[in-house]
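Colleague: I'd like to learn how to read a few features off a model. Could you walk me through this one?

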Amino acid sequence: MNTSLSKDLSRTSVSELTKTALVAALYVTVTLALSVISFGAVQLRLSEMFNYLALYNKRYVLAVTLGVIVANFMSPTWILDVPIGGIATFLVLILCRAVTKKIENDVLKMAVTALIFALSMFTVAGQLTILNGLPFWVTYLTVGLGELLSMTVGGILIYFINKKVNLSK
């Protein structure tokens with residue numbers, strides 16, 4: 001293999017790994033720094049803003065999924081939250097990328113993503129129902145609305161960050 005090509009591939013691999021690790025670490029840090037509002041039947045997990053990064057670059061699907069898995073180890077319902085939260089996040093991120101692929105307007109793309117994530121909160125409501133005996137529909141409503149609020153606030157931040165920093169690179 002060409003030495004120059006090998007160095008470029010190595011540099012790219014290190015850069016990709018670094019960006020992935022950084023976003024995963026940011027997700028965990030924001031979740032845990034705000035842990036009082038990050039877990040439970042009424043939650044505002046502001047770290048969910050990082051979900052939008054997957055719309056800009058597929059590397060962030062893995063980054064956010066890893067962040068969710070690590071952060072969910074700190075959840076009071078970690079026994080279900082780690083596997084279910086990790087799998088659900090991965091699948092919903094893939095779904096959002098597919099559904100919004102042909103949408104060119106960033107605001108619309110983000111609105112669709114926020115709605116999909118809010119609707120996907122049945123997984124969290126199910127866990128809280130199973131482990132804590134909470135009523136499913138009320139919990140689904142509160143967690144879904146919290147997710148929608150988190151994604152809206154986070155979406156505004158990510159939208160303006162992307163205006164200054166190209167998040168697709």
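**Reading a helix and a charged pair**

Modeller: Sure. Start with helix H5, residues 78–100: at 1.5 Å a residue, its 23 residues should span 33 Å, and the end C-alpha atoms are 31 Å apart, so the two agree. Keep in mind that this is a predicted model.

Colleague: Which residues of H5 are buried?

Modeller: Buried here means under 20% relative accessible area. In H5 that list includes Asp81, Val82, Gly85, Gly86, Ala88 and Thr89, and further along Val92, Leu93, Cys96 and Thr100.

Colleague: And what do the buried residues of H5 pack against?

Modeller: Four helices: H3 (53–56), H4 (59–72), H6 (106–119) and H7 (122–132).

Colleague: Now charges. How many salt bridges does a search of the whole structure find?

Modeller: The general idea is that side chains of opposite charge can pair when their charged atoms come close. Here the search turns up 1 salt bridge. Glu16 pairs with Arg59, with the closest N and O atoms 2.9 Å apart. That links distant parts of the chain, since Glu16 sits in helix H1 (residues 3–33) and Arg59 in helix H4, 43 residues apart.

Colleague: Is Arg59 buried or exposed?

Modeller: Buried, because its relative accessible area is 8%. Glu16, at 29%, counts as partly exposed.

Colleague: Where is Val42?

Modeller: In the loop between helix H2 (35–38) and H3. Val42 has a relative accessible area of 66%, so it is exposed. Its C-alpha atom is 8.8 Å from that of Leu145, although Val42 and Leu145 are 103 residues apart along the chain.

Note on methods:
Residues are numbered from 1 along each chain as its sequence is written. This is a predicted model: local features need pLDDT of at least 70, side-chain atom pairs count only at pLDDT 80 or more; totals for chains, interfaces and linings use all residues. Side-chain values use heavy atoms; hydrogens and water are left out. Helices (H or I, at least four residues) and strands (E, at least two) are DSSP runs, numbered from the N terminus. The expected span of a helix is 1.5 Å times one less than its number of residues. Buried means under 20% relative accessible area, exposed over 50%, partly exposed in between (1.4 Å probe, protein chains only). Contact means heavy atoms within 4.5 Å. A salt bridge is a side-chain nitrogen of Lys or Arg within 4 Å of a carboxyl oxygen of Asp or Glu.
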